[in-house]
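Me: Please take a close look at a single part of this structure, and describe in connected prose how that part is covered, how it is paired and how the chain passes through it. Where side-chain charges form links elsewhere, a word on those would be welcome at the end.

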Amino acid sequence: MSRHRSLPLRRTASSHPAADHPSGPARVSRRAVLTSGLGLTALGLAGCAADDDTVTVENRRVESAADDLLPSETSAAPVTDGPPLITGSFDSTHMGGRPTRWAVARPTGVTGTLPVVVVLHALTTNEHTIFSSQLGIQKVLQTYVDAGNAPFAIAAVDGAANYWHARADGTDGGAMVLDEFIPMLGSNPDLDLSVERIGLFGWSMGGYGALRLGALLGAPRVTAIAVSSPALWADPRNFPARAFDGFDDYQRNSLFGQQDAFRRIPLMISIGSSDQFFTYTRQWVAGVHPPPVFSTGPGGHTNRYWRGVLPDQVEFLGRNLAR
């Protein structure tokens, strides 16, 4: 497998993210899914709700957006039902040699080699979060398979707070996924997974990460990408230090200007209309051709919204993996 590479970047316009407020239920049906190819006008200089993170860029200190800061999970969330998890760890060179945990769910009642969707988690969460009672993707997968659809597996790995790219501290969560985790999935006989063609899924920080790794791997290796509320910053003067180590790091790893990399990859993006990344995401989506599937509805940057759209995302990934 080829190693990761940095993506070149061109500067883009910036925009105002929508204000956040408590969200309501947000199951987005396929009838409600919108396709977005409309040109969008950048709406001026951006500022998301501030927290105490700051970053200096070109001698300018700016307050950062906080929507990607979720409640911290310091231990594995309990998994009470659905397909059982297979768990393990490996010592990751790209993560400073630390033990790096992973978890895999295969639907019950299914044998043989399965394709796999690789999950990248959000900030302050871990490899178990997508399987927890708050999200429960394995239960959604089992329902999908029990309805007679082609089965696949779900695999997640702990990328810590790395933001899935090379950082100043020497860690690189993206390279860990590409060079260590995916090869391990394909070589572990107890998992019985095929990684010749994979799907990618992520939310918040992991939504950005899934898009970034999809651009690096490209088609046909990546058969589909589904993300929720990707943490995208369009303004190179306004981003948090937790996401990028400085202006040059932003230039190397921002996805703005990289939309052509998704021309041949089926892509589904879901985001609540009250999410503070909504405007940045719409701005990014407007540059993708052909246009991806874009779904939105009432909701913010919350588990409640993400749980509601999971059935459509699992269906999208499964349908493309089965082709």
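Reply: A residue is called buried here when its relative accessible area is under 20%, partly exposed from there upward, and exposed when the value is over 50%. The model is a predicted one, and what follows should be read with that in mind.

By that cut-off, seven of the seven residues of strand β9 are buried, so this strand is largely enclosed by the rest of the structure. On one side, β9 pairs with strand β8 (residues 193-203) in the parallel sense, over six bridges, and Phe201 is the residue that stands opposite Ala226 of β9. The connection between these two strands runs from β8 through helix α3 (residues 205-217) to β9, and the β-α-β crossover made in this way is right-handed.

Strand β9, which spans residues 222-228, also pairs with β10, again in the parallel sense and over four bridges. Ala226 takes part in this pairing too, its bridge partner in β10 being Met268, while Val227 has Ile269 as its bridge partner in β10. Ala226 is therefore a residue of β9 to which partners can be assigned in two strands, since Phe201 stands opposite it and Met268 is its bridge partner in β10, as the pairing criterion rests on bridges between strands. The chain's route from β9 to β10 involves helix α4 (residues 247-253), and these three elements make a right-handed β-α-β unit.

Strand β10 itself (residues 267-272) is mostly covered, with six of its six residues buried. In a regular strand, side chains alternate between the two faces of the sheet. In β10, Leu267, Ile269 and Ile271 point one way, whereas Met268, Ser270 and Gly272 point the other way, and all of them are buried. The covering of β10 thus applies to residues pointing in both directions.

Beyond β10 comes strand β11 (residues 293-297), with which β10 pairs in the parallel sense over five bridges. Ile269 has Phe294 as its bridge partner in β11, and it is also the bridge partner of Val227. Helix α5 (residues 278-285) joins β10 and β11 in another right-handed β-α-β unit.

Thr281 shows how helix α5, in which it is placed, meets these strands. This residue is buried, with a relative accessible area of 0%, and, leaving aside its neighbours within four places in sequence, Thr281 is in contact with Pro230, Leu232, Ile269, Ile271 and Phe294. Two of these contacts, Ile269 and Ile271, belong to the group of β10 residues that point one way together with Leu267, and Phe294 is the residue of β11 that serves as bridge partner to Ile269.

As for charged side chains, a search of the whole structure finds nine salt bridges. In one of them, Arg101 and Glu127 meet at 2.9 Å from N to O; Arg101 lies in strand β5 (residues 99-105) and Glu127 in the loop between β6 (114-120) and α1 (137-146), so this pair ties together parts that are 26 residues apart in sequence. Glu127 counts as buried at 2% relative accessibility, whereas Arg101 counts as partly exposed at 38%. Arg101 also forms a salt bridge with Asp158, the closest N and O atoms being 3.3 Å apart; because Asp158 lies in the loop between β7 (153-157) and α2 (173-187), this pair ties together parts that are 57 residues apart in sequence. Asp158 is itself buried, its relative accessible area being 8%.

Another salt bridge, between Glu315 and Arg319, has an N to O distance of 3.0 Å, and both residues lie in helix α6 (residues 303-321), four residues apart, or about one turn of the helix. Apart from that pair, salt bridges that share partners join Arg98, Arg101, Glu127 and Asp158 into one network.

Conventions. Residues numbered from 1 in each chain as written. Predicted model: local features only at pLDDT ≥ 70, side-chain atom pairs only at ≥ 80, totals over all residues. Heavy atoms only, no water. Salt bridge = Lys/Arg side-chain N within 4 Å of Asp/Glu carboxyl O. Buried < 20%, exposed > 50% of the residue type's maximum accessible area, 1.4 Å probe, protein only. Right-handed = clockwise from strand over helix to strand, strands pointing away. Contact = heavy atoms within 4.5 Å.
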